[in-house]
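Me: I would like a close look at a single part of this model, followed outward into the rest of the chain. Please keep the account connected and say plainly where each piece sits.

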Amino acid sequence: SRCQRFDFRRISSETITKTLHEICKKEKIKIDDDALFTIAKAADGSLRDSQSILDQIAASTEGKISKQDVVRSLGVLNEEKLTELTDALAKKDAAAALWVLDGALNEGKDPGLFMEKLLEHVRNLLFLSVSEGLSGLIDATESYKKSLLKQKAEFSKEELFYFFSVISHTLQILRRFEMKRIPVEMALVKLAHRAPVE
């Protein structure tokens, strides 16, 4: 009877971005808006984590902090890479898709994280295919939303559901597979050729 319950909610990326912007103003840290949003998204709803990330990057970067600086520092997957990859898949170009993967892995990106981000990208495309009014449910920069709106016309809803199935299945395989690169490569070839899901 003396117990009190507090429900804590995650802070939105937009709110974190605004707060970080104010901190940068006060501390005279020069940083791009897209870089701030990338930090906010990486913090996953935690203002404290976002401030720690900002401090670390500001301490290790000279001059104005760009989105590329943040992507390099955090090891996250660049949205442009996701767009490039799905463009290759839209054209059923398995070779181009594999080169995008190779470049990402050579930069130190984790194969599992690569697939998780691709899954989120497919989800975003599906939402916009259902209705452009759902863009408010997509946690992303305006420039990324514009590229999603442009790209959604390249896929049918059925293809996006198929992509979701293949990527989800691959993520399950990755949990029990040591050589994580190979299942991801096989998944990209399967997606490019629209091979049946086993």
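Reply: The part to begin with is Leu119, which lies in helix α7. The model is a predicted one, and what follows should be read as a description of that prediction. Leu119 counts as buried, because its relative accessibility is 18% and the cut-off for burial is under 20%. Leaving aside residues up to four places away in sequence, Leu119 touches Phe164, Ile167, Ser168 and Leu171. A related spacing can be read from the backbone: the C-alpha atoms of Leu119 and Ser165 are separated by 9.4 Å, although these two residues are 46 apart along the chain.

The next residue in helix α7 to consider is Glu120, which takes part in a salt bridge with Lys41, the closest N and O atoms being 2.8 Å apart. This pair links distant parts of the chain, since Lys41 belongs to helix α2 (residues 33-42) and Glu120 to helix α7 (residues 111-130), with their positions 79 residues apart in the numbering. Neither partner falls into the buried or the exposed class: Lys41 is partly exposed, with a relative accessible area of 21%, and Glu120 is likewise partly exposed, with a relative accessible area of 27%. In general terms, side chains of opposite charge can pair when their charged atoms come close.

Two further salt bridges are each contained within one helix. In helix α8 (residues 142-151), Lys145 and Glu142 are 3 residues apart, about one turn of the helix, and their closest N and O atoms are 3.9 Å apart. The cut-off for a salt bridge is within 4 Å, so the 3.9 Å of this pair satisfies it. The two partners fall into separate accessibility classes: Lys145 is buried, with a relative accessible area of 14%, whereas Glu142 counts as exposed at 53%.

In helix α10, Glu185 forms a salt bridge with Arg181, with 2.7 Å between the closest N and O atoms. These two residues are 4 residues apart in that helix, and are therefore separated by about one helical turn. Arg181 is partly exposed, with a relative accessible area of 31%. Returning to helix α2 and helix α7, salt bridges that share partners join Lys41, Lys117 and Glu120 into one network. The structure as a whole holds 13 salt bridges, among them the Lys41 and Glu120 pair described above.

Helix α10 (residues 181-193) also holds Met186, and this residue leads to a nonpolar feature of the surface. Phe177, Met179, Ile182 and Met186 form a nonpolar patch there, with about 380 Å² of accessible area together.

Two lysines in loops deserve a separate remark for their backbone geometry. Lys28 has a positive phi of about 55° although it is not a glycine, and its place is the loop between α1 (13-27) and α2. At 72% relative accessibility, Lys28 counts as exposed, because the cut-off for that class is over 50%. Lys92 also has a positive phi, of about 60°, without being a glycine, and it is found in the loop between α5 (79-90) and α6 (94-106). Lys92 is partly exposed, with a relative accessible area of 48%, so it does not pass the cut-off of over 50% that defines the exposed class.

These local details can now be set against the whole chain. The secondary structure comes to 10 helices and 0 strands, and the pattern read along the sequence is accordingly α-α-α-α-α-α-α-α-α-α. Taken along the principal axes, the C-alpha atoms fill a box of roughly 55 × 55 × 35 Å. Of the 198 residues in the protein chain, 40% are buried, and Leu119 counts among the buried residues. Among contacts between residues at least 6 apart in sequence, 68% join residues at least 24 apart.

The accessible surface of the protein chain comes to about 11900 Å², with 52% of it belonging to carbon and sulfur atoms. As for charge, the chain carries 31 positive and 31 negative charges, and the mean positions of these two sets are 4 Å apart.

Terms used: Residues numbered from 1 in each chain as written. Predicted model: local features only at pLDDT ≥ 70, side-chain atom pairs only at ≥ 80, totals over all residues. Heavy atoms only, no water. Patch = residues over 30% accessible without salt bridge, like charges linked within 9 Å, V, L, I, M, F, W, Y side chains within 5 Å. Areas by Shrake-Rupley, 256 points an atom, 1.4 Å probe, with all protein chains shown as cover. Salt bridge = Lys/Arg side-chain N within 4 Å of Asp/Glu carboxyl O. Buried < 20%, exposed > 50% of the residue type's maximum accessible area, 1.4 Å probe, protein only. Contact = heavy atoms within 4.5 Å. Lys, Arg positive; Asp, Glu negative; His and termini not counted. Charge placed at Lys NZ, Arg CZ, Asp CG, Glu CD.
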